[in-house]
Amino acid sequence: MIYNEEFETLPREALEALQFKRLQQVVLRVYHTVGFYRKAFDDAGVKPEDVKSLADLKRLPFTTKQDLRDNYPFGMFAVPMSSVVRLHASSGTTGRATVVGYTKRDIEHWSELMARCFVAAGLTKNDIIHNAYGYGLFTGGLGAHYGAERLGASVIPISGGNTKRQIMILQDFGPTAICCTPSYALNLAEQGQAMGVDMRSLKLRVGVFGAEPWSDKMRNQIEDVLDIQAMNIYGLSEVMGPGVAMECTEGRQGMHIFEDHFLAEIINPLTGEVLPPGEEGELVFTTLTKEAFPLVRYRTRDVTRLIHDPCRCGRSHVRMDRVMGRSDDMLIIRGVNVFPSQIEAVLVGIDGLEPHYQLLVDREGTLDTLEVQVEVREEAFANADEVKVLQRTERRIVKDLKDYLGISAKVKLVEPKSLQRFEGKASRVIDKRKI
Ligand code: DLL
């Protein structure tokens, strides 16, 4: 099913014509309403009139997270505060938060895009949606909430935290869908099992998971422990919040970017050059309809690739692959570039391990060190040959990390449930080199 058949299946040519028309409007508007853009365009020697086709996009300067911070809190807004009906902020692990604003129309668009996401995930107005994304300044909770209401589904605005109560509600209210981070889904499943609840027998059938990177193997695990179909949703506060891109049930190969609202490019993060179709690099967005907080060529730092092949679902919108990691999160261990998600992919491929891990990066003298701590399954401890099994598993992890990723790591197997659990986004890397 498709929520907005007309716009989601627009033939390429018509879609590009619409994008171009909207791009011209955005560029003109930001130039005249946001001081930052006027200066950035002037410095780059481009005028709004220079955008004569979509290909001219690459002549425009990038916008970075630092630019948003420099204009904290409202300096990038393109409308007066009287037209802003909502504010959100992304916490960010370093520096100031980024504040984003929405007009009434922005909220309407966002709600529609989130409704599109739910429909792409196979939900209808008959579903009951347990929304465990955090409500508040984080965009996850309210974003999903408005979309679910737009669809006409019944929302349980549970927000994050209080896991025991969540498990009770999952049993009593019988939601058919759940929204949260993938790490929280596993956390819920684990605590439910510990409470003696058969998590597979709940009424849940679909999960809409995002806000952090996760692997296909982690998807299999979630699907297995909750007996649901786990769908990937992507978004970021600066560009809107959740609902910038969403996987569809056909094939589940990449997430459709709602191209009538967002223009996507992939660039080389080091040179800023636009990469040829299909190549992996940093995702850059230009918003086409946003009123309060329009962005031109915003560098997301998310590393992925675009998939241009037509999709069986009939949507004409380009897909983005899973986010490999962030160009600023990439760990460089003795010169080898590696994303935490790649380490995760290795770990979840090994029997006897729990999907809970932590990466400790440090430096001894001039050498980077990486310690991978990962929980082992309860059964491993119950085994008579416990020590042997653990040693074998440890050796296997060291070998696989070396073979697949080319990194040398120290591996520490830890007891089940001993590593930190997360209610929102997981933060699995402790980089002591920065401290
Ligand atoms: O995480 C918005 C969101 C809420 C998306 C709920 C999906 C579901 P921020 O807090 O601004 O916004 O964080 C945005 O999270 O740049 C990515 O690095 C990461 N991210 C979001 N979705 C995914 C995903 C929300 N499906 C940042 N896969 C983004 C991988 C994701 N990373």
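The side chain of Thr-98 reaches the side chain of Lys-65 in a polar contact of 3.3 Å, and this pair is a good place to begin. A polar contact here is a pair of N or O atoms within 3.5 Å; within protein, one must be able to donate a hydrogen and the other to accept it, and residues adjacent in sequence count only if both atoms are side-chain atoms. Before going on, please keep in mind that this is a predicted model, in which local features need pLDDT of at least 70 and side-chain atom pairs count only at pLDDT 80 or more, while totals for chains, interfaces and linings use all residues. Residues are numbered from 1 along each chain as its sequence is written, and side-chain values use heavy atoms, with hydrogens and water left out.

Let us stay with Thr-98 for a moment. Thr-98 belongs to strand 2, residues 98-102; helices (H or I, at least four residues) and strands (E, at least two) are DSSP runs, numbered from the N terminus. Thr-98 counts as buried because its relative accessible area is 2%, where buried means under 20% relative accessible area, exposed over 50%, and partly exposed in between (1.4 Å probe, protein chains only). Not counting residues up to four places away in sequence, Thr-98 touches Lys-65, Leu-68, His-88, Ala-89, Ser-90 and Glu-238. Contact means heavy atoms within 4.5 Å.

A short step along the chain brings us to Ile-107, in helix 5 (residues 104-120). Ile-107 is buried too, because its relative accessibility is 10%. Leaving aside neighbours within four places in sequence, Ile-107 is in contact with Val-85, Arg-86, Tyr-102 and Tyr-146. The C-alpha atom of Ile-107 is also separated by 9.4 Å from that of Lys-290, although the two residues are 183 residues apart along the chain.

Now for the ligand. How many residues surround the ligand? There are 21 of them, and the closest are Asn-232, Ile-233, Ser-237, Asp-302 and Lys-425; a residue is near a molecule or strand if one of its heavy atoms lies within 4 Å of it. Strand 7 gives the largest share of this shell, five residues, and both helix 6 (139-151) and strand 7 (229-236) supply at least two residues each. Some atom pairs can be picked out. An N or O atom in the side chain of Ser-237 is 2.4 Å from an oxygen atom of the ligand, and a polar side-chain atom of Asp-302 lies 2.6 Å from an oxygen atom of the ligand. From the backbone, an N or O atom of Ala-211 lies 3.0 Å from a nitrogen atom of the ligand. Taken alone the ligand exposes 610 Å², and the protein buries 93% of that; these accessible areas come from the Shrake-Rupley method with a 1.4 Å probe, and for residues only the protein chains shown count as cover.

Strand 7 also leads us to a sheet. It is an open sheet of nine strands in the order 4-3-5-6-7-8-9-14-13, with mixed pairing; two strands pair if DSSP finds at least two bridges between them. Its edges are strand 4 and strand 13 (306-307), each of which pairs on one side only. Strand 7 and strand 8 (residues 241-247) run antiparallel and are joined by four bridges. Gly-235 has Pro-242, in strand 8, as its bridge partner. Helix 8 (residues 182-194) lies across strand 5 (177-180) and strand 6 (206-210), running at about 120 degrees to strand 5. Axes are lines fitted to C-alpha atoms, for helices over the stretch in contact, and angles run from 0 to 180 degrees between N-to-C directions.

Another open sheet has four strands in the order 20-19-18-21, again with mixed pairing. Strand 20 (410-414) and strand 21 (429-431) are the edge strands, each pairing on one side only. Strand 18 (residues 353-364) pairs with strand 21 in the parallel sense over three bridges, and Leu-360 has Ile-430 of strand 21 as its bridge partner.

Finally, look at some backbone details. Tyr-72 and Pro-73 are joined by a cis peptide bond, with omega about -10 degrees. Arg-297, although not a glycine, has a positive phi of about 50 degrees, and Arg-297 sits in the loop between strand 11 (281-287) and strand 12 (298-304).
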